[in-house]
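Please open the model in your viewer, with the whole chain displayed, and follow the stops below in order.

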Amino acid sequence: MISTSIPYYYKSLDFDKLVKEYEPPIEYLEGGWKWDRDQIESTQLKRLHETLARGAELPFYQRLWEKHNFIPSDVKSLADISKIPMYTIDDIRESIAIDPPFGDYQKYHFEDGQHTPLRFYTSGGTTGAPRPTIYSAWDREVGAILSARTFYLHGIRPGDAVMNSWAYSTHNAAWIMDHGLWHWLGCTPITTGTGVVTPTEKQVEFIKTFGISSILATTDYLVHIGNTAMKMGLDPKTDLKIKTLSAFGGKDPVKKIFGCPVYDSYAFHEVQYVAAECEAEQGLHVFEDAFIVEVVDFETGKPLPPGHKGNIVVTALYKTGTQQIRYNIQDISASYEIRKCACGSYHKKIDYFQGRSDNMVKLRGINVWPEALGEIVKENPKSNGEYFCYVERIGGREEMTILIEPKFSSTDASVMEQEFESELKRRIGVKINVKMVEEDSLRSLTGHGSRAKLKRFEDRR
Ligand SMILES: [Zn+2]
């Protein structure tokens, strides 16, 4: 039957309820940001119960929980969260195989769009096949509020023009940032997208011509924009009027080029912004009204004490569509001790993104991950920061090799190889083979200029 009514967006949400439950930036900094631990934890427990009830309606969780003999009423306190079975991307893949092409973890399907406005995005597929997610209007708006909170914490203010150099594509990132700027921050998004859509020289011209005050991009692309500006004869520190930058993955190289404040954050496709850095610049605060974040041991899955590196496990508390309940995202971080931050917030902090544990390679008993090698390479001024790692099996032995681009092609490659090899051995504790390659030769491997998140690793075993 043909539907005779349209679910207009302006009628699709109770916006007053939305902003009361998930405060936008200014209200949040005066409100939820200052909650004490009791307020944070009682809100989390209430929302966890609601989340479990929503999860119980989805076949994905029915299967997972039955397999592990878990029932939602087992959760009586926040500490009981460890009773809930975790899942990983492998379970998502299995769900898609059981119920293709969306998987049985979706609450909504396209035909529900006749009753409520929906959005569809897929993950960028950093590893493996893309994961689809269908978002309700509520899930989009809370995600946009979390984006706006992040940008506000990073010094972006109403009236700013913000260039969004993430890929406007089937991936969620650019869109949720766009909606945050537009709906909840009073900023005008400049929708350049990546260098493939708007060449980087053109992006630099946009910044200069229109007086753009901030750019949203990965660290890698911000560095590329800065280097491109310099090649165009501009000084990014003085010729561009950048006020502040919200980077993704390492701030120092960006600070060096632009000379302005740079802040980091943590987010991923299904749940949007999870954590953001504050002015204290010591770790990322989790938005604890919207998430419970744990860090667990790589192998045993047991919760780890503060300071220990493990996998990030996320429970989203705000979503009405797909649910993420103890999703082991396999991103590496560590928890901080919970205490009042210099910024005044008691919200739990996690360490900066350290890489992906499914890229982690065990070499002679030592855990090695490509991003950690990359950080060491980036610190050395003889490299331009571009690298690519691969692991292979040679005669029954695992060997890791890192390809590095030099800053100046005149430097003697064999001398640099020896220098990097001994530095990596000293810092990581195991031998990594180093091969110096030509400048700009790694683009086809990393996707530099075409991918938002670069590929840094290949398993050739
Ligand atoms: Zn803080």
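Colour the whole protein chain by burial to begin: of its 461 residues, 44% count as buried, where buried stands for 20 or more other C-beta atoms within 10 Å of a residue's own, exposed for 12 or fewer, and partly exposed for anything in between, with C-beta atoms placed from the backbone. The model is a predicted one, in which local features need pLDDT of at least 70 and side-chain atom pairs count only at pLDDT 80 or more, while totals for chains, interfaces and linings use all residues. Residues are numbered from 1 along each chain as its sequence is written.

Keep the whole chain selected and orient the view along the principal axes, where the C-alpha atoms fill a box of roughly 65 × 55 × 50 Å. Switch next to a cartoon, which should show 13 helices and 20 strands, these being DSSP runs numbered from the N terminus (helices H or I, at least four residues; strands E, at least two).

Now select residues 291-296, 310-316 and 327-333, that is β11, β12 and β13. These three strands form an open sheet in the order β11-β12-β13 with antiparallel pairing, two strands being paired if DSSP finds at least two bridges between them. Because β11 and β13 stand at the edges with a single partner strand each, one side of each is left without a neighbour in the sheet.

Finally, narrow the selection to β12 and β13, which pair in the antiparallel sense over four bridges, and label Asn311, whose bridge partner in β13 is Ile332.
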